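Let's take a look at a few cysteines and a couple of backbone angles in this protein. Have the sequence and the 3D view open while you read.

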Amino acid sequence: MITVTDLLGRSAELSPASDSAQLDTELLLCHSLNVDRTWLKTWPDHQPQPADIAQFELLFKRRLNGEPVAFIIGTQGFWSLELCVSPDTLIPRPETELLVETALQLDLPTNSQVLDLGTGTGAIALALAAEQPLWQVTGVDIQPKALALAERNRQLHQLDNLSIYQSDWFSALATARPQPETGFDLILSNPPYIEADDQHLFEGDVRFEPASALVSGVDGLDDLRLVIGQSCSFLRQGGWLMVEHGHNQGAAVRELFSAAGYHSVETRVDYNRLDRISLGCLPESY
Ligand SMILES: C[S@@+](CC[C@H](N)C(=O)[O-])C[C@H]1O[C@@H](n2cnc3c(N)ncnc32)[C@H](O)[C@@H]1O
């Protein structure tokens with residue numbers, strides 16, 4: 001008879017294709033048996049039903065073909081939340097949590113107005129809305145299917161302080177500013193920032209994600225240029241802009257911030273010590 005331990009042993013087959021083979025196998029088995037990882041550790045000798053084993057085999061085969069675990073099981077953890085994911089947008093990455101962490105460290109008004117541009121699954125917007133119930137958070141995306149997913153996640157986590165709607169970057173946002181007392185207190189974005197001919201697009205999980213969430217022109221900076229350039233008109237004076245970017249784009253992004261008139265411009269590194277996000281503050285007298 002086949003046990004939980006036997007099925008977990010299949011992880012060796014995944015090792016060439018995945019650098020997290022053990023974890024991937026555990027997650028696929030949890031999904032097939034409808035249990036959590038603690039249960040697997042508690043019941044190593046359990047003998048799953050043939051139908052559950054068949055389900056595991058099906059999922060395992062998809063992972064062997066390279067499909068990301070998050071797309072196979074339909075969910076991904078981000079910050080404190082479990083989010084629904086789909087091939088319509090990016091799978092939220094742990095590196096992106098640095099945007100959330102840094103946003104929560106800023107000295108912002110209790111009832112801040114916050115905008116997440118290119119919200120995808122809603123990951124950043126949802127995490128901030130959950131952490132700061134008095135903030136009013138807006139998440140926009142150009143892709144209707146990504147928006148439907150973000151709205152599903154919003155309902156799942158019952159976050160009434162988050163609105164989600166369609167916009168091509170700032171195009172659907174009403175007023176051009178700045179004004180001293182109106183405008184967003186904080187704008188965040190994890191836009192597409194990969195160069196069009198980057199070979200990484202043909203490797204690993206990224207192959208299964210849509211180009212619309214990843215690629216941004218020849219140098220990867222087309223969307224960052226637009227977001228940084230236009231953001232000044234939608235922030236209040238003294239408001240903050242914060243963006244995620246590639247590890248080799250820090251200097252170029254800081255230049256874009258300075259050229260747009262931001263001060264206190266800095267880049268922060270992720271847990272791999274790679275440049276990951278940059279931020280800046282709009283002058284009070286802008
Ligand atoms: C790198 S993904 C980030 C998704 C999510 N914010 C996250 O961090 O996981 C970029 C997102 O920007 C969206 N996007 C691309 N072009 C856009 C545009 N012109 N206007 C608004 N959103 C756009 C994509 O659909 C995608 O969801």
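## Two cysteines without a partner

Cys-281 counts as buried, with a relative accessibility of 7%. Keep in mind that this is a predicted model. Is Cys-84 buried or exposed? With 9% relative accessibility, Cys-84 counts as buried, since the cut-off for that word is under 20%.

So how many disulfides do we get if two cysteine sulfur atoms have to be within 2.5 Å? The count is zero. Take Cys-84: its nearest cysteine sulfur belongs to Cys-30 and sits 17 Å away, and Cys-84 is in no disulfide. For Cys-281, the nearest cysteine sulfur is that of Cys-232, at 11 Å, and Cys-281 is in no disulfide either. Because a disulfide needs the sulfurs within 2.5 Å, neither 17 Å nor 11 Å will do.

## Two positive phi angles

Now for the backbone. Gln-158 isn't a glycine, yet its phi is positive, at about 50°. Where do you find Gln-158? Look in the loop that runs between helix 9 (144–156) and strand 5 (162–166). Gln-158 is exposed there, with a relative accessible area of 66%.

Trp-169 is another non-glycine residue with a positive phi, this one about 45°. You'll spot Trp-169 in the loop between strand 5 and strand 6 (184–189). What about its surroundings: is Trp-169 buried or exposed? Trp-169 is buried, with a relative accessible area of 13%.

Key:
Residues are numbered from 1 along each chain as its sequence is written. This is a predicted model: local features need pLDDT of at least 70, side-chain atom pairs count only at pLDDT 80 or more; totals for chains, interfaces and linings use all residues. Side-chain values use heavy atoms; hydrogens and water are left out. Buried means under 20% relative accessible area, exposed over 50%, partly exposed in between (1.4 Å probe, protein chains only). Helices (H or I, at least four residues) and strands (E, at least two) are DSSP runs, numbered from the N terminus.
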